[in-house]
Amino acid sequence: MTLTVGLDLDGSLESLGNSMTDLADALAATHECAMVRFRTSSRPRGAGETPVPGRWLWAPLWRYGRGPSLERLLAPVDVVHVAGVMIPPPRTVPVVVSVDDLRPLRSESRVHQRVAQLRRAASRGATLVASSRAASHEVRDVLGVGRARVVVVPPAVPVVAWTEGGRDLVVNVTGAAANLLAVIDALASLAAARGARLSVIASESVGQRVRALNPALVVRPRSAARDALALAYVVVHLSDGARFPSFALAALAAGVPTVARATPSTRELLEGAAILVESNDELVDAVAQIWDNEARRAIVVAAGVARARDFAPAAAARSYLALYREVVEGAA
């Protein structure tokens with residue numbers, strides 16, 4: 001049976017592109033499912049996207065699991081997949097919810113609307129999708145849901161071009177500002193000693209703190225992540241583990257050696273491909289070694305390219321197709 005998948009293109013947290021659009025394209029390329037592309041939070045933006053009648057009216061209700069089901073508003077589908085804050089209530093069609101950001105689930109935010117929203121969705125039979133095994137444990141612990149309600153499928157990592165001639169030391173920061181501020185001077189000195197530029201990709205608030213320390217540093221918004229990667233010679237990935245390390249994996253795919261602080265998720269997803277370190281001192285030393293040692297660099301590049309293939313859109317599409325079939329069969 002050919003499934004018809006309703007895929008919400010809103011909700012992607014990816015700075016390199018819309019991972020839901022990449023997933024939709026990869027699913028369509030399999031010719032094993034039909035696609036109904038729609039948006040719950042914004043207007044259609046491209047050909048082939050299905051408008052959702054009354055979206056502007058229903059969206060505030062969907063945040064709280066109320067309002068009409070998508071089955072009433074879309075062409076017939078066998079399964080609905082959403083990734084954002086809009087989770088329309090199901091009727092008979094099974095719902096898959098990607099949980100790509102753990103920050104609203106962590107201890108300081110457990111009263112956040114997202115926790116109640118996901119608990120409600122799980123109680124109504126939705127399948128929650130975590131991006132790694134480490135993330136799935138955290139989702140289950142915080143929400144108090146059983147193992148059967150949370151599965152692991154990594155999101156699609158956007159395809160990027162091979163980096164040629166880059167000379168920047170690019171630092172990508174997601175929720176690890178303290179680690180960045182602890183090493184920023186050492187990394188700036190390291191880059192300057194090699195005639196390179198230090199480029200930091202960060203949120204606006206973190207960027208302001210970096211500029212306050214060193215106004216000369218290049219700080220880029222997340223929207224410029226793809227441009228920054230195209231100029232990279234080495235990437236440093238600093239994260240609190242709340243988000244899937246898409247930028248690090250994209251860097252590996254682009255042939256850029258990557259150094260990352262070890263977290264449960266980076267160990268699971270990057271170990272053996274990126275260089276993982278336990279401390280800030282180790283991080284600076286690791287960057288220097290991979291910058292200066294061409295033989296070591298070649299080994300790391302080859303391992304990184306091989307690992308990144310596991311997270312390409314085509315790989316994500318195969319995994320999600322298997323999940324869609326499983327939840328549809330379970331609902332039947």
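Modeller: A helix here is a DSSP run of H or I with at least four residues, and helices are numbered from the N terminus. Please keep in mind that the model we are looking at is predicted.

Colleague: Thanks! In which helix does Leu187 lie?

Modeller: We look for the DSSP run that holds this residue. Residues 177-193 form such a helix, and Leu187 lies within that stretch, in α5.

Colleague: Is Leu187 buried or exposed?

Modeller: Leaving aside neighbours within four places in sequence, Leu187 is in contact with Leu169, Val171, Leu198, Leu283, Val284 and Val287. A residue needs a relative accessible area under 20% to be called buried. Leu187 has 0%, so it counts as buried.

Colleague: How far apart are the C-alpha atoms of Leu187 and Glu71?

Modeller: Along the chain, these two residues are 116 residues apart. In space, the separation of their C-alpha atoms is 53 Å.

Colleague: Let's turn to α1. How far apart are the end C-alpha atoms of this helix?

Modeller: Helix α1 runs over residues 19-30, which makes 12 residues. The expected span is 1.5 Å times one less than the number of residues, and for α1 this comes to 16 Å. The distance in the model agrees with that expectation, at 17 Å.

Colleague: Which elements do the buried residues of α1 pack against?

Modeller: The buried residues of α1 are Ser19, Met20, Leu23, Ala24, Ala26 and Leu27. They pack against three strands and a helix: β1 (3-8), β2 (33-38), β3 (79-82) and α12 (313-331).

Colleague: Which residue caps the N-terminal end of α1?

Modeller: Look for a side-chain oxygen that lies 2.8 Å from the backbone nitrogen of Met20. The residue that supplies this oxygen is Asn18.

Colleague: And which residue follows α1?

Modeller: Most residues other than glycine have a negative phi. The residue we want is not a glycine, yet its phi is positive, at about 60°. It sits in the loop between α1 and β2, and with a relative accessible area of 70% it is exposed. The residue that follows α1 is His31.

Colleague: How many cavities of 30 Å³ or more does a search of the whole structure find?

Modeller: Rolling a probe the size of a water molecule over the atoms shows where empty space is left. The largest cavity holds about 230 Å³ of space, and the second largest about 70 Å³. The number of cavities found is five.

Colleague: Which residues are closest to the centre of the largest cavity?

Modeller: The lining is made of six nonpolar, six polar and four charged residues. Both β7 (168-174) and α8 (246-253) supply at least two residues to it. Of the 16 lining residues, the closest to the centre are Leu13, Glu14, Arg243, Phe244 and Ser246.

Colleague: Is Ser246 buried or exposed?

Modeller: Ser246 is found in helix α8. Not counting residues up to four places away in sequence, Ser246 touches Glu14, Leu16 and Val157. Its relative accessible area is 6%, so Ser246 is buried.

Colleague: Which helix gives the largest share of the lining of the second largest cavity?

Modeller: Seven nonpolar, two polar and two charged residues make up this lining. Among them are Gln117, Arg120 and Ala121. The largest share is three residues, and it comes from residues 113-123, helix α3.

Colleague: With which side chain does the side chain of Thr174 make a polar contact?

Modeller: Thr174 has its place in strand β7, and it is buried because its relative accessible area is 12%. Beyond its neighbours within four places in sequence, its contacts are Arg222, His237, Leu238, Ser239 and Asp240. The polar contact, at 3.2 Å, is with the side chain of Ser239.

Colleague: One last residue: how far apart in space are Val85 and Pro60?

Modeller: Val85 is found in the loop between β3 and β4, and at 33% relative accessibility it counts as partly exposed. Leaving aside neighbours within four places in sequence, Val85 is in contact with Trp62, Arg63, Arg114 and Gln117. Val85 and Pro60 are 25 residues apart in sequence, and their C-alpha to C-alpha distance is 10.0 Å.

Technical notes:
Residues numbered from 1 in each chain as written. Predicted model: local features only at pLDDT ≥ 70, side-chain atom pairs only at ≥ 80, totals over all residues. Heavy atoms only, no water. Buried < 20%, exposed > 50% of the residue type's maximum accessible area, 1.4 Å probe, protein only. Contact = heavy atoms within 4.5 Å. Polar contact = N/O pair within 3.5 Å; in protein donor to acceptor, adjacent residues only side chain to side chain. 1 Å grid on protein atoms, 1.4 Å probe; cavity = no way out; pocket = protein on both sides within 12 Å on 5 of 7 lines; lining within 4 Å. Points joined across faces, edges and corners; volume = space filled by probe spheres on them. Nonpolar A, V, L, I, M, F, W, Y, C, P; charged D, E, K, R; others polar.
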